[in-house]
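Trainee: I am new to this structure and would like a close look at a single part of it. Could you take me slowly through the salt bridges and then the pocket?

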Amino acid sequence: MSIERRSQSSETLLPVEDNESWAVSYIDLLLLMVTLFVLLLGYQQQGIQSAEEKSQAAKAMQISPSVDNGAFLDQVYLSHLKDRVSVVEEQNIIKLAMSDSILFFPADATLSRSGERVLDEIALMLKQRPWHILVEGHTDNQPISTPRFLSNWELSSARATSVTRYLIGRGIAPQRLSAIGYADTRPIASNIKDEGRSKNRRVALVLRVAE
């Protein structure tokens, strides 16, 4: 009888062992799920931190052009260009204006030696900065009619193109440059007197941060 009781006792213990095994497996599964959740949360936090760092870097890049503008202006004022180049800063744009008497021969789009020297100095400065450069040609309102230039439109466009080609020859990437002629449509002074007309005959380099 005692043997039978022991057998019955051992038989009743087997289901208990199975229940305990099942409970341990369930706990392991829960621990695994918690571990995965913690890992996913960690990855998410790293992604948020990375996005914040990128945002701060983008803001720094937006701020840097104005700082660079100041350094560029200082460089222009400290160079020999200050007496030959007019500098105007408007928001994120810098305009460098040069008289036609410095750059070209009269009523022509061929660069003079003095014009080449001015552009050489400017090109050295522009190589250090990735700005886009718009070259504008301007004239006064005095009519012109030559075999080469039928009007001020042709003259202003040819002068802008001449400066653009020269800057390319001095190492400025063509993708950074564009040229346009405005003739006498954008004067900065009155065309009534010679002094005003002289100011209007100019080439301007409009520098802006590339988008």
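Mentor: What follows goes through the salt bridges one pair at a time and then turns to the pocket. Please keep in mind that this is a predicted model.

The count of salt bridges comes to eight, and three of them are described here one by one. Begin with Arg84, which forms a salt bridge with Glu121, the closest N and O atoms being 2.9 Å apart. Because Arg84 sits in the loop between α1 and β1 while Glu121 belongs to helix α3 (residues 113–126), this pair ties together parts that are 37 residues apart in sequence. Arg84 is partly exposed, with a relative accessible area of 25%, and Glu121 is also partly exposed, with a value of 22%.

Next comes Asp100, whose salt bridge partner is Arg159, with the closest N and O atoms 3.4 Å apart. Asp100 lies in helix α2 (residues 100–103) and Arg159 in helix α4 (residues 152–169), so here the parts tied together are 59 residues apart in sequence. Both Asp100 and Arg159 are buried.

A further pair is made by Arg201 and Asp140, where the closest N and O atoms are 2.7 Å apart. Since Arg201 is placed in the loop between α5 and β5, and Asp140 in the loop between β3 and α4, this salt bridge ties together parts that are 61 residues apart in sequence. Arg201 counts as partly exposed at 25% relative accessibility, whereas Asp140, at 6%, counts as buried because the cut-off for that word is under 20%. Salt bridges that share partners join Asp100, Asp140, Arg159 and Arg201 into one network.

Now turn to the largest pocket, which has a volume of about 330 Å³. Of the 15 residues that line this pocket, the closest to its centre are Ser86, Ala97, Ile188, Arg202 and Ala204. The elements that each give two or more residues to the lining are β1, β2 (93–99), β3 (132–138), α5 (194–200) and β5 (202–208), and the largest share, four residues, comes from β2. Sorted by class, the lining holds five nonpolar, four polar and six charged residues.

To finish, consider strand β1 (residues 86–90), where Val87 is found. Val87 is buried, with a relative accessible area of 18%, and its C-alpha lies 8.5 Å from that of Val76, although the two residues are eleven apart in sequence.

Definitions and conventions: Residues are numbered from 1 along each chain as its sequence is written. This is a predicted model: local features need pLDDT of at least 70, side-chain atom pairs count only at pLDDT 80 or more; totals for chains, interfaces and linings use all residues. Side-chain values use heavy atoms; hydrogens and water are left out. Buried means under 20% relative accessible area, exposed over 50%, partly exposed in between (1.4 Å probe, protein chains only). On a 1 Å grid over the protein atoms alone, a cavity is a set of points where a 1.4 Å probe fits but cannot get out, and a pocket is an open set with protein on both sides within 12 Å along at least five of seven lines; lining residues have an atom within 4 Å of a point. Grid points are joined across faces, edges and corners, and a volume is the space filled by probe spheres set on the points. Ala, Val, Leu, Ile, Met, Phe, Trp, Tyr, Cys and Pro count as nonpolar, Asp, Glu, Lys and Arg as charged, and the others, Gly among them, as polar. A salt bridge is a side-chain nitrogen of Lys or Arg within 4 Å of a carboxyl oxygen of Asp or Glu.
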